[in-house]
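Q: Please take a close look at a single helix of this protein and explain how it sits among its surroundings. Start from the whole and then work inward.

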Amino acid sequence: MTRKSHTAQYPEVQPDLPPRTRGVIGLFEENCTVCMLCARECPDWCIYIDSHKETVPPAAPGGRERSRNVLDRFAIDFSLCMYCGICIEVCPFDALFWSPEFEYAETDIRDLTHERDKLREWMWTVPAPPALDPGAEEPKEIAAARKTADKLASELENRTGQEGDA
């Protein structure tokens, strides 16, 4: 009561959102393997996935044909979603992400079921992950890859140096 009130001029001035704001869920369709984990773990059953199997020819001659799932439909009903984030956490292939977009109100509740094309549009509004702690230890996978790359680079330099001497 002792401070002056502040009126947010919302439509004209966008609010500064915290970095981990949960707005809407974005879908990176290329990473989705149709494993259905997100739909099975969702406590609200608001994720709808349809798929079919396709046969993939063998990669090498004499190999066998493989079958893979192809995504036909991926939809989230945001009128049912409680924004818990379980679907994002259980996705083993990083196909779902939080987007800070929050302006997706509709006049009809049936329009709150967003299909994969709309979910893909929101993927481009997902912020980049935070930078790693500079004092943190480098992951073992990256250290091993860097060591191998350095070894190959030094072998290549040695070969080119020997060829130049000859």
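A: **From the whole chain to helix α3**

The mean positions of the 19 positive and 30 negative charges of the protein are 4 Å apart. The model is a predicted one.

The secondary structure consists of four helices and five strands. Their order along the sequence is β-α-β-β-α-β-β-α-α.

The overall dimensions come next. For 166 residues, a compact globule would have a radius of gyration near 15 Å, whereas this protein has 24 Å. Its C-alpha atoms fill a box of roughly 85 × 55 × 25 Å along the principal axes. One pair of residues gives a sense of these distances: D150 and P43 are 107 residues apart along the chain, and their C-alpha atoms are separated by 48 Å. D150 belongs to helix α4, which covers residues 140-165. With a relative accessibility of 49%, D150 counts as partly exposed, because that class runs up to 50%.

The accessible surface of the protein comes to about 12,800 Å², and carbon and sulfur atoms account for 54% of it. Buried residues are 22% of the 166. Among contacts with a separation of 6 or more, 71% join residues 24 or more positions apart.

Now to the helix itself. Helix α3 covers residues 116-123, and its buried residues include L119, W122 and M123. Seen down the axis of α3, the buried residues fall within an arc of 115°, so they line one face of the helix. A general rule of helix geometry is useful here: an α-helix has 3.6 residues a turn, so residues three or four places apart point the same way.

What lies over that face? The cover of the buried residues of α3 includes four strands: β1 (24-27), β3 (66-77), β4 (96-99) and β5 (113-114).

One residue of that cover can be followed in detail. H114 lies in strand β5. Its relative accessibility is 5%, and it counts as buried because the cut-off for that class is under 20%. Leaving aside neighbours within four places in sequence, H114 is in contact with L119 and W122, among others. Both of these are buried residues of α3. The other contacts of H114 counted in this way are F74, A75, I76, F78, Y104 and E106. Of these residues, F74, A75 and I76 fall within the range of strand β3, 66-77.

To put the helix together: α3 has its buried residues on one face, and strands including β3 and β5 help to cover them.

Definitions and conventions:
Residues are numbered from 1 along each chain as its sequence is written. This is a predicted model: local features need pLDDT of at least 70, side-chain atom pairs count only at pLDDT 80 or more; totals for chains, interfaces and linings use all residues. Side-chain values use heavy atoms; hydrogens and water are left out. Helices (H or I, at least four residues) and strands (E, at least two) are DSSP runs, numbered from the N terminus. The radius of gyration is taken over C-alpha atoms; the globule rule is 2.2 Å times the number of residues to the power 0.38. Buried means under 20% relative accessible area, exposed over 50%, partly exposed in between (1.4 Å probe, protein chains only). Contact means heavy atoms within 4.5 Å. Accessible areas come from the Shrake-Rupley method with a 1.4 Å probe; for residues, only the protein chains shown count as cover. Lys and Arg count as positive and Asp and Glu as negative; His and the chain ends are not counted. The place of a charge is taken as NZ of Lys, CZ of Arg, CG of Asp or CD of Glu. The arc is that of the directions from the helix axis to the C-beta atoms.
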